[in-house]
Amino acid sequence: LPGAWIDPRNSELIALYRLRYKMAMDEGKYDAAMIFLNKILELDPANAEAKFSKGEIYHRCLHDYPQAIEHYNKVIRLTGDEKTRLRAREAMSEIMELLS
């Protein structure tokens, strides 16, 4: 049918990718979760929650602390969202305590 297919808006795609990210996390598929976070960031490079979530996967799921620190630092440096920046600082402190 003509006009039956309408391209979804970025906000709709972000909502879909967020849902798929959560499903992947629930299933322990961290590589797939990262893919969906990257897709969110392609559409919205300033998405603080997606940036923070990447750090969380490296920190809490993969225990790759250098990568977690790198991502948390990006959130702290580049994000205007003070709440997310504070969460990143707290997570960094937790890693530093763990490593000391």
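**Exercise 1. The overall layout**

Which pattern does the chain follow, read along the sequence? Work it out for this predicted model, then add the overall dimensions and the burial.

*Solution.*
Step 1: Walk along the sequence and you get α-α-α-α-α.
Step 2: Count the elements, and you have five helices and zero strands.
Step 3: Put a box along the principal axes; the C-alpha atoms fill roughly 65 × 30 × 15 Å.
Step 4: Now for burial: of the 100 residues in the chain, 36% are buried.
Step 5: Finish with the contacts between residues at least 6 apart in sequence, where 41% join residues at least 24 apart.

**Exercise 2. Helix 1 against helix 2**

Find out how helix 1 (residues 10-26) and helix 2 (residues 30-43) pack, and sort the residues of their contact by class.

*Solution.*
Step 1: Start with the axes, which come within 8 Å and cross at roughly 165°.
Step 2: Angles over 145 degrees count as roughly antiparallel, so helix 1 runs roughly antiparallel to helix 2.
Step 3: Check the handedness: helix 1 passes helix 2 in a left-handed crossing.
Step 4: List who meets whom. Helix 1 brings Asn10, Leu13, Ile14, Tyr17, Arg18, Arg20, Tyr21, Ala24 and Met25, while helix 2 answers with Tyr30, Ala32, Ala33, Phe36, Leu37, Lys39, Ile40 and Leu43.
Step 5: Sort them, and the contact divides into 13 nonpolar, one polar and three charged residues.

**Exercise 3. Zooming in on Ile14**

Is Ile14 buried or exposed? Say too which residues it touches beyond four places in sequence.

*Solution.*
Step 1: Place the residue: Ile14 sits in helix 1.
Step 2: The cut-off for buried is under 20% relative accessible area, and Ile14 has 10% relative accessibility, so it counts as buried.
Step 3: Setting aside residues up to four places away in sequence, Ile14 touches Ile40, Leu43 and Asp44.
Step 4: For a distance across the pair, take Phe36: its C-alpha atom is 9.0 Å from that of Ile14, with the two positions 22 residues apart along the chain.

**Exercise 4. Helix 4 against helix 5**

Do the same job for helix 4 (residues 65-78) and helix 5 (residues 82-99).

*Solution.*
Step 1: The axes lie 9 Å apart, and the packing angle is about 150°.
Step 2: That angle makes helix 4 roughly antiparallel to helix 5.
Step 3: The crossing of helix 4 and helix 5 is left-handed.
Step 4: From helix 4, the contact takes Tyr65, Ala68, Ile69, Tyr72, Asn73, Val75 and Ile76; from helix 5, it takes Thr84, Arg85, Ala88, Arg89, Ala91, Met92, Ile95, Met96, Leu98 and Leu99.
Step 5: By class, that gives 13 nonpolar, two polar and two charged residues.

**Exercise 5. Two loop residues, Thr79 and Gly80**

Decide for Thr79 and for Gly80: buried or exposed?

*Solution.*
Step 1: Thr79 lies in the loop between helix 4 and helix 5, and Gly80 lies in the loop between helix 4 and helix 5 as well.
Step 2: Thr79 has a relative accessible area of 4%, so call it buried.
Step 3: Gly80 comes out at 69% relative accessibility, so call this one exposed.
Step 4: Look at the surroundings of Thr79: beyond its neighbours within four places in sequence, Thr79 is in contact with Ala48, Lys51, Lys74 and Arg85.
Step 5: For Gly80, take the C-alpha distance to Ala48, which is 8.0 Å although the two are 32 residues apart along the chain.

**Exercise 6. Into the core**

Which residues of the largest nonpolar core touch the most other members? Then look at the contacts of Ala88, His59 and Thr84.

*Solution.*
Step 1: The core has 24 residues, and the ones to pick are Tyr21, Leu37, Ile40, Ile57, Tyr72, Ala88 and Ile95.
Step 2: Ask which elements give two or more residues to this core: helix 1, helix 2, helix 3 (48-61), helix 4 and helix 5 do.
Step 3: Outside its neighbours within four places in sequence, Ala88 is in contact with Phe52, Tyr72, Val75 and Ile76.
Step 4: Turn to His59 in helix 3, which is buried with a relative accessible area of 4%. Not counting residues up to four places away in sequence, His59 touches Tyr65, Ala68, Tyr72, Ala91, Glu94 and Ile95.
Step 5: End with Thr84 in helix 5, buried with a relative accessible area of 2%. Leaving out its neighbours within four places in sequence, Thr84 is in contact with Ala48, Glu49, Phe52 and Val75.

Key. Residues are numbered from 1 along each chain as its sequence is written. This is a predicted model: local features need pLDDT of at least 70, side-chain atom pairs count only at pLDDT 80 or more; totals for chains, interfaces and linings use all residues. Side-chain values use heavy atoms; hydrogens and water are left out. Axes are lines fitted to C-alpha atoms, for helices over the stretch in contact, and angles run from 0 to 180 degrees between N-to-C directions. Helices (H or I, at least four residues) and strands (E, at least two) are DSSP runs, numbered from the N terminus. Angles under 35 degrees count as roughly parallel, over 145 as roughly antiparallel, 65 to 115 as roughly perpendicular and the rest as oblique. A crossing is left-handed if the near helix is turned anticlockwise from the far one by less than a right angle, and right-handed if clockwise. Contact means heavy atoms within 4.5 Å. Ala, Val, Leu, Ile, Met, Phe, Trp, Tyr, Cys and Pro count as nonpolar, Asp, Glu, Lys and Arg as charged, and the others, Gly among them, as polar. Buried means under 20% relative accessible area, exposed over 50%, partly exposed in between (1.4 Å probe, protein chains only). A nonpolar core is a set of buried Ala, Val, Leu, Ile, Met, Phe, Trp, Tyr and Cys residues joined through side-chain atoms within 4.5 Å.
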